[in-house]
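Grab a pencil and work through these short exercises. Try each task yourself before you read its solution.

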Amino acid sequence: MYQILKREGRAKRAVFTTVHGTIQTPVFMNVGTVAAIKGAVSTEDLEKIGTQVELSNTYHLHVRPGDRVIRQLGGLHKFMSWDKPILTDSGGFQVFSLAGLRRIKEEGVYFHSHIDGRKIFMGPEESMQIQSNLASTIAMAFDECPASTAERGYVEASVARTTRWLVRCRQEMARLNGLEDTINKEQLLFGINQGAVFDDIRIDHAKRIAELACDGYALGGLAVGESHEQMYHVIEETVPYLPVDKPTYLMGVGTPANILEAVERGVDFFDCVYPSRNGRHGHLYTNCGKINLFNAKYELDERPIEEGCLCPACRRYSRAYIRHLLKAKEMLGMRLCVLHNLYFYNKMMEEIREALDEGRFASYKKQKLDGMQNEM
RNA sequence: GUGGGUAUGGCGCAGUUGGCUAGCGCGCCAGAUUGUGGCUCUGGAGGCCGAGGGUUCGAGUCCCUCUAUCCACC
């Protein structure tokens, strides 16, 4: 299922086999929260820009159109016409990020819909049921993501609860996968490590969930306000306590530099809204760093976003034209930028894999980082 | 031609009985954004307040003249 092909230090080059096909890692999953990559990007586009895994969100799809609707329509793959792997986030993070009115209790979380304000309850069982209805390839455990600034006492209690929730997630997932009418009876479950920036809590939790035999393990609660150094430190300290024979997923991260640093520390799955959100805002990734196409200096720039790039935007259009589209708020502008950014990320992951295959990741990483002067 | 209205940064406007360092929205310029509410936030540049004269300690605000423009009526 998960086979390591090559190692360089802690960095892993592997293949993860699923019912929806194999995933070459390290991999960057392209985020399409509501079963759509924002910016008018179709699944047909995803095939063209080298996407291996699409990521959607349990909470968002539960609220609209409703997981039962998607189940009736044959599951997420059929619904959005994407036959490669899909990972669904559990909704745990939304409890944190959409934290308007919410109450976290042992059984789960009560909160309000961001669409119409109605009350919603979601606990481990509900999250698994929704994800089972969505029939994604990989389901994420329902966790709590404490703020990076949370006090130690709170984090300890929260992490203990997240562990209990993981036990319930596994039981419920096993039950659902065994049901006659379940769409994807081989749905995988990834557990999530938490602990804010407290090394010992992170490590204890990693050891604890490693015993629970999940199909993969994620580091959650990072890139939520702490410094890059703190994040790298947590990854470095925690990854050795997660099963090496299972994929490791760093949730919500990050910049190209973040990814290179995390790959070096043993992470092989990533996802982040940066390429798509920044694309919509005209911030584009290049090998020389990030550029803001809204800047006046690109008004007469006839070059592509990046010389030599083979993405749909760079093959045909100039910076000046795309800048005009963005300023005119034409959807095409956003679309081309998102396509470029996702292509850039997917391509970088491909380069990382090649470098690992050939045992030269360290030099590749250095060269890539040196090139990206403006990278934040 | 007559009567009335309006003239304030690129555009649209606020500016109370005269006291401003002349504001606001959009736009412009730049920056943030990490398991996504196509958002949001943060900075910055840019005005001798149509022109000229007067009253006053003090005028974007009051008076006179002119110019431009809009509306109505001839």
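**Exercise 1.** Find which residues come nearest to RNA strand B.

Solution. Keep in mind that this is a predicted model. Of the 50 residues around RNA strand B, you should land on Cys 145, Gly 252, Gly 254, Val 273 and Ser 276 as the nearest. Next, look for elements that give two or more residues to this surface: they are helix H5 (92-97), helix H11 (274-280) and helix H13 (331-357). H11 supplies the largest share, five residues. Finally, sort the surface by class: you get 20 nonpolar, 22 polar and eight charged residues.

**Exercise 2.** Check whether the length of H13 agrees with its number of residues.

Solution. Start with the rise of 1.5 Å a residue: for 27 residues, H13 should span 39 Å. Now take the end C-alpha atoms, which are 39 Å apart, so the two values agree. As for cover, 19 of the 27 residues in H13 are buried, so you can call the helix mostly covered, given that buried takes 20 or more other C-beta atoms within 10 Å.

**Exercise 3.** Work out whether Lys 329 is buried or exposed.

Solution. First place Lys 329: it sits in the loop between helix H12 (319-327) and H13. Then count its C-beta neighbours inside 10 Å: there are 8. The cut-off for exposed is 12 or fewer, so Lys 329 counts as exposed. Also check the backbone: Lys 329 has a positive phi of about 55°, although it is not a glycine. That's worth a second look, because most residues other than glycine have a negative phi.

Terms used. Residues numbered from 1 in each chain as written. Chains lettered and ligands numbered in written order. Predicted model: local features only at pLDDT ≥ 70, side-chain atom pairs only at ≥ 80, totals over all residues. Near = placed C-beta within 6 Å. Helix = DSSP H or I, 4+ residues; strand = E, 2+ residues; numbered from the N terminus. Nonpolar A, V, L, I, M, F, W, Y, C, P; charged D, E, K, R; others polar. Expected span 1.5 Å × (residues − 1).
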